Amino acid sequence: MKFSFPPDQITVNMPDREALLAEVGRRMGARTGYALATINLDHLVKLRRDAGFRRAYAAQDLVCADGNPVVWLSKLARKPVSLVPGSDLVLPLAELAAANTVPVALMGSTDPALKAAVAALKSRIPGLEVAATIAPPMGFDPGGDAARDIVQQIEASGARLVFIALGAPKQEAFAALGRDLTPHIGFASIGASLDFLAGRQKRAPKWVRRIAMEWLWRMLSNPRRLAKRYAECALILPGEALRAVQQR
């Protein structure tokens, strides 16, 4: 499944969670880095508008589908992929890191949330080493000097997998920078997942997710912030559906 934003092209190259974990495990064993992104409709809206975001996304090594609309579009294109939400990746990736004795770092959110997320991770994954936790200041520039300093801190900590919880487009831009500066470290953009782990944000119930209505649950929980976002996502769907059919 491909999304084209000339001259950049973004390919959903991880068809399911099993393939993603296998590839990350292979790279851990080879001490090879990567940047991992989970694409959804909101990202597609931002990608249309932001050339910097397009460049950052084009630099991602591993891309999976975070959102049922992307899965539906892949089926229209006859290049089906499975749903792999970033929120469902933190624990299996951390388990993989522990199994391979790979230290991890948590970057983003706030200091209290990171502390709570570390406690949650360690309670569920014995043997997991958290080498660093870094909460950037407000107004953080993911391509600036402060970002480069943070990459150096992460490298000095010995971490080889970084969970980035900054939200799009900052997290993907930081992952692209980190991938460039430290090619032996993996960077995974995971949105609000650390806040979910920390109990700072509440995720939709499983039954809501099963019927593909997490977006509605989220919008109703914060309509002032999310109604416009989801309206913009809906507006691009017809055009994306047409482009998906053209990929057959």
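These legends accompany close-up views of a predicted model.

**View 1. Two cis peptide bonds precede prolines in loops.**
The bond from Pro6 to Pro7 is cis, with omega near 5°. Pro7 sits in the loop between β1 (2-5) and β2 (8-11). Ala168 and Pro169 are likewise joined by a cis peptide bond, with omega about 5°. Pro169 belongs to the loop between β7 (161-165) and α8 (170-181).

**View 2. Thr101 and Ser109 have positive phi values.**
Thr101 is not a glycine, yet its phi is about 50°. This residue lies in the loop that runs between α5 (90-99) and β5 (104-108). Thr101 is exposed, with a relative accessible area of 67%. Ser109, also not a glycine, has a phi of about 55°. Its loop lies between β5 and α6 (111-124). Ser109 has 23% relative accessibility, so it counts as partly exposed; the cut-off for buried is under 20%.

**View 3. Helix α12 carries a kink at Leu237.**
The helix covers residues 223-245, a run of 23 residues. From its first C-alpha to its last, α12 reaches 32 Å. That is close to the 33 Å expected at 1.5 Å a residue. The kink at Leu237 is about 35° and lies shortly before the proline Pro238. Buried residues of α12 include Leu226, Tyr230, Glu232 and Cys233. Ile236, Glu240 and Ala244 are buried too.

**View 4. Strand β3 is largely enclosed by the rest of the structure.**
Why does β3 (residues 34-39) count as largely enclosed? Because 6 of its 6 residues are buried. Tyr34, Leu36 and Thr38 point one way from the strand. Ala35, Ala37 and Ile39 point the other way. Both sets are buried.

**View 5. Strand β3 pairs with β8 and with β4.**
β3 and β8 (residues 186-189) run parallel and are joined by 3 bridges. Within this pairing, Phe187 of β8 is the bridge partner of Ala35. β3 and β4 (residues 62-65) also run parallel, here with 4 bridges. Val63 of β4 is the bridge partner of Ala37.

**View 6. The largest nonpolar core has 35 residues.**
Which residues have the most contacts inside this core? They are Leu20, Leu36, Leu106, Leu161 and Phe163. Helices that give two or more residues to the core are α1 (17-30), α5, α6 and α9 (193-198). Strands that do so are β3, β4, β5 and β7. The largest share, 6 residues, comes from α6. In soluble globular proteins, nonpolar side chains tend to be buried together.

**View 7. Leu161 has contacts beyond its sequence neighbours.**
Neighbours within four places in sequence are left aside here. Leu161 is in contact with Met28, Tyr34, Leu93 and Ala97. Its contacts also include Val102, Pro103, Val104 and Ala105. Ile185, Gly186 and Ala188 are in contact with Leu161 as well.

**View 8. A second, separate core has 23 residues.**
Among the residues of this core are Phe5, Ile39, Leu41 and Ala65. Ile39 also appears in View 4, where it points from β3 to one side together with Ala35 and Ala37.

Terms used
Residues numbered from 1 in each chain as written. Predicted model: local features only at pLDDT ≥ 70, side-chain atom pairs only at ≥ 80, totals over all residues. Heavy atoms only, no water. Buried < 20%, exposed > 50% of the residue type's maximum accessible area, 1.4 Å probe, protein only. Expected span 1.5 Å × (residues − 1). Bend = angle between axes of the 7 residues up to and from the residue. Pairing = 2+ DSSP bridges. Core = buried A, V, L, I, M, F, W, Y, C linked by side-chain atoms within 4.5 Å. Contact = heavy atoms within 4.5 Å.
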